[in-house]
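This briefing is intended for a reader who is new to the structure shown below. It takes up a pocket, the salt bridges and a surface patch, in that order.

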Amino acid sequence: LLADRSRKEHGCLAYEVFISAADPETFVIWQQWRGIEALESHFASAHVDEFLDAIPDLIEGEVTSARFEVLSEDELLLHEEVVDQVQVQLADNIILH
């Protein structure tokens, strides 16, 4: 329900829910938005509020979240300072740099 509603939102480019085959109690929500304004509008929506309110009753354990900004090579070159990027392990043998 959350994914269906989110996919219909203005600015949503992708909204996917992945469930680990090795551990069905582990899932990842991967989303891509046209810009920060679309993402902020999504987080302010009623269906996200409902989901966030339901989380404590749905899961045990820790919830983690990460946001990544995608830049073109030209945009990257505009940054004067190179920032060390943290490696994120998404699943067995899959690391996002």
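The second largest pocket of this predicted model is lined by Leu 1, Leu 2, Ala 3, Arg 5, Val 17, Phe 27, Ile 29, His 47, Glu 50 and Phe 51. Its volume is about 180 Å³. Two residues of this lining, Arg 5 and Glu 50, also meet through their side chains in a salt bridge.

**The second largest pocket**

- Three elements each supply at least two residues of the lining: helix H1 (2-7), strand E2 (27-33) and helix H3 (46-58).
- Sorted by class, the lining comprises seven nonpolar residues, one polar residue and two charged residues.

**The salt bridge between two helices**

- Side chains of opposite charge can pair when their charged atoms come close.
- Between the side chains of Glu 50 and Arg 5, the salt bridge has an N to O distance of 3.5 Å.
- Glu 50 belongs to helix H3 and Arg 5 to helix H1, so this pair ties together parts that are 45 residues apart in sequence.
- Glu 50 counts as partly exposed because its relative accessibility is 46%, a value between the limits of 20% and 50%.
- Arg 5 is likewise partly exposed, with a relative accessible area of 35%.

**The salt-bridge network**

- The whole structure contains three salt bridges.
- Asp 4, Arg 7 and Glu 16 are linked in a network of such bridges.
- Within this network, the side chains of Arg 7 and Asp 4 meet at 3.3 Å, N to O.
- Both Arg 7 and Asp 4 lie in helix H1, where three residues, about one turn of the helix, set them apart.
- Arg 7 also forms a salt bridge with Glu 16, and the closest N and O atoms of that pair are 3.7 Å apart.
- Each member of the network has its own relative accessibility: Arg 7 is partly exposed at 39%, Asp 4 is partly exposed at 45%, and Glu 16 is partly exposed at 34%.

**The nonpolar surface patch**

- Val 17, Ile 19 and Phe 27 make a nonpolar surface patch of about 280 Å².
- Val 17 and Phe 27 are also among the residues that line the second largest pocket.
- Ile 19 is placed in strand E1 (residues 12-19).
- Ile 19 counts as exposed because its relative accessibility is 60%, and exposed means over 50%.

Technical notes
Residues are numbered from 1 along each chain as its sequence is written. This is a predicted model: local features need pLDDT of at least 70, side-chain atom pairs count only at pLDDT 80 or more; totals for chains, interfaces and linings use all residues. Side-chain values use heavy atoms; hydrogens and water are left out. Patches are made of residues with over 30% relative accessible area and no salt bridge: like charges are joined within 9 Å, nonpolar side chains (Val, Leu, Ile, Met, Phe, Trp, Tyr) within 5 Å. Accessible areas come from the Shrake-Rupley method with a 1.4 Å probe; for residues, only the protein chains shown count as cover. A salt bridge is a side-chain nitrogen of Lys or Arg within 4 Å of a carboxyl oxygen of Asp or Glu. Helices (H or I, at least four residues) and strands (E, at least two) are DSSP runs, numbered from the N terminus. Buried means under 20% relative accessible area, exposed over 50%, partly exposed in between (1.4 Å probe, protein chains only). On a 1 Å grid over the protein atoms alone, a cavity is a set of points where a 1.4 Å probe fits but cannot get out, and a pocket is an open set with protein on both sides within 12 Å along at least five of seven lines; lining residues have an atom within 4 Å of a point. Grid points are joined across faces, edges and corners, and a volume is the space filled by probe spheres set on the points. Ala, Val, Leu, Ile, Met, Phe, Trp, Tyr, Cys and Pro count as nonpolar, Asp, Glu, Lys and Arg as charged, and the others, Gly among them, as polar.
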